[in-house]
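Work through the exercises below with the model open. Each task is followed by a stepwise solution.

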Protein chains: 2
Amino acid sequence: MDAYKAIVTKRDTRAYTNQPIPDEMLQRILQAGRMAGSSKNTQPVRLVVIRDREWLKEVAECGKFSQPLLGAQVGIAVCCAPDGSDFDAGRAAQNMMVAAWNEGIATCPTSVHDQPCIIEKLGLPRGGEDPVTGRKGWRVVVIIALGYPEPSVPMSMGRERMRIDDYVHWERWVGR
Amino acid sequence: MDAYKAIVTKRDTRAYTNQPIPDEMLQRILQAGRMAGSSKNTQPVRLVVIRDREWLKEVAECGKFSQPLLGAQVGIAVCCAPDGSDFDAGRAAQNMMVAAWNEGIATCPTSVHDQPCIIEKLGLPRGGEDPVTGRKGWRVVVIIALGYPEPSVPMSMGRERMRIDDYVHWERWVGR
């Protein structure tokens, strides 16, 4: 699919079918995250990919609004280093979600409200060091739910966007 | 360009030619930002698009490492509401940067270190309210520099990525 079409037609989608995600598609999605740029190329993001659906349901208990994970085929926990920014996590996540949609796979990021819960369950480095960067104390920014979209559930319900003239200012914000 | 190809070949690029960016391309880039999803569809992001290159140089003074803006054709300040997350700002920014690359336009996000400086220059709402959401006190997360890539400067210098096996964990982080 053309990149522009994939970007503007992607909607965060919460209901999925039971069709599994092929491994080669999942690999492309992960590669899309890996290739996202980051501040000074510090690469503060890591992924924990959860394919065991019973385990994914247990992990979902760390979030208040993680229903999308209960029906997802795969969950991808987007982890960020303590000195990394959520902005860079968002870049990697969006790359993965657009790459998924390019394969016909729907996604939804779900927040993780209980960080001690998720850090414990996923075994994120706390006192220990990441072997690549030596950073300590990681967090989970979101868990992305992935699956083929359930056709009986409208994808875009309530997902309207503001007018482009409200979204964009030219040269300066003042004077609106 | 295929979405996957656009995503994995995009590199943050700091040097640009003097070729202007056509209006219709810029409009598609802005639309890509607008269509990015956000937490509960709260849409916490707004853009200030700077096409006046002298004005862009003045604006660049609010950042320590904003050299890319000095040679850019356009700057897009990605603004975020006080209760919005940098994660959602990253989603919108990545959408725009991939959509730009799909048109052959290179980009680089630049940090804005002096927030009072940029808030003053761009006239972001402080005490006042945003007319759409009623939120107060906006910030600039990054300014994206845009331009056609300068061919004499290698795009990917120093932009290596870690190995996929270091980037991805399966089921749990523990045990590595």
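**Exercise 1. Decide whether I119(A) is buried, partly exposed or exposed.**

Solution.
Step 1. Place the residue: I119(A) sits in helix α6 (residues 115–122) of chain A.
Step 2. Count its surroundings. I119(A) has 20 C-beta neighbours inside 10 Å. The cut-off for buried is 20 or more.
Step 3. Conclude: I119(A) is buried because its count is 20.
Step 4. List its contacts. Neighbours within four places in sequence aside, I119(A) is in contact with L124(A) and R126(A).
Step 5. Check a distance. This is a predicted model. In it, the C-alpha atoms of I119(A) and N41(A) are 25 Å apart, with their positions 78 residues apart along the chain.

**Exercise 2. Find which residues of α6 in chain B are buried, and what covers them.**

Solution.
Step 1. Take helix α6 (residues 115–122) of chain B. I118(B), I119(B), K121(B) and L122(B) are buried there.
Step 2. Recall the helix geometry. An α-helix has 3.6 residues a turn, so residues three or four places apart point the same way.
Step 3. Identify the cover. β1, α3 (53–60), β2 (74–80) and β4 of chain B are among the elements over the buried residues of α6(B).
Step 4. Look just past the helix. G123(B) follows α6(B) and takes a positive phi of about 70°.

**Exercise 3. Describe the burial and pairing of β2 in chain A.**

Solution.
Step 1. Score the burial. Strand β2 (residues 74–80) of chain A has seven of its seven residues buried.
Step 2. Recall the rule for strands. In a regular strand the side chains alternate between the two faces of the sheet.
Step 3. Sort the residues by direction. V74(A), I76(A), V78(A) and C80(A) point one way from β2(A). G75(A), A77(A) and C79(A) point the other way. Residues on both sides are buried.
Step 4. Take one partner. Strand β1 (residues 45–50) of chain A pairs with β2(A) in the antiparallel sense, over six bridges. Opposite C80(A) in β2(A) stands V45(A).
Step 5. Take another partner. β2(A) and strand β4 (residues 139–147) of chain A are antiparallel and share seven bridges. Here I76(A) stands opposite I144(A).

**Exercise 4. Which residues have the most contacts inside the largest nonpolar core?**

Solution.
Step 1. Size the core: the largest one has 107 residues.
Step 2. Name the residues with the most contacts inside it. They are V78(A) and V78(B).
Step 3. Inspect V78(B). Residues up to four places away in sequence are not counted. V78(B) then touches V45(B), L47(B), A89(B), A92(B), A93(B), V140(B), V141(B), V142(B) and I144(B).

**Exercise 5. Work out how the two chains are related and how they meet.**

Solution.
Step 1. Superpose. A 180° rotation, with 0.0 Å of shift along its axis, puts chain B on chain A at RMSD 0.0 Å.
Step 2. Interpret. The two copies are therefore related as by a two-fold rotation axis.
Step 3. Locate the axis. A3(B) comes closest to it of the residues of chain B, with its C-alpha at 1.8 Å.
Step 4. Count the contact residues. 64 residues of chain B are in contact with 64 residues of chain A.
Step 5. Assign them to elements. Those giving two or more residues on the chain B side include α1 (3–9), α2 (23–34) and α5 (86–102). α5(B) gives the most, with twelve residues.
Step 6. Split the chain B side by type: 34 nonpolar, 14 polar and 16 charged.
Step 7. Compare the surfaces. 100% of the interface residues of chain B are also interface residues in chain A, so the copies meet through the same surface.
Step 8. Look for strand pairing across the chains. Strand β5 (residues 168–170) of chain A runs parallel to β1(B), joined by three bridges. In this pairing, W170(A) has V49(B) as its bridge partner.
Step 9. Check confidence. The model scores ipTM 0.94 and pTM 0.94. Chain A averages a pLDDT of 92, and 91% of the residues score at least 70.

**Exercise 6. Are E171(A) and K40(B) buried, partly exposed or exposed?**

Solution.
Step 1. Recall the background. Most residues other than glycine have a negative phi.
Step 2. Take E171(A). Its phi is positive, about 70°, although E171(A) is not a glycine. E171(A) is in the segment after β5 of chain A. With 16 other C-beta atoms within 10 Å, E171(A) is partly exposed.
Step 3. Take K40(B). Its phi is also positive, near 55°. K40(B) lies in the loop between α2 and β1 of chain B. K40(B) has 11 C-beta neighbours inside 10 Å, so K40(B) counts as exposed.

How values were computed. Residues numbered from 1 in each chain as written. Chains lettered and ligands numbered in written order. Predicted model: local features only at pLDDT ≥ 70, side-chain atom pairs only at ≥ 80, totals over all residues. Contact = placed C-beta atoms within 7 Å. Helix = DSSP H or I, 4+ residues; strand = E, 2+ residues; numbered from the N terminus. Nonpolar A, V, L, I, M, F, W, Y, C, P; charged D, E, K, R; others polar. Pairing = 2+ DSSP bridges. Buried ≥ 20, exposed ≤ 12 C-beta atoms within 10 Å, placed from the backbone. Least-squares fit on C-alpha atoms with pLDDT ≥ 70 in both. pLDDT = per-residue confidence, 0-100. Core = buried A, V, L, I, M, F, W, Y, C linked by C-beta atoms within 7 Å.
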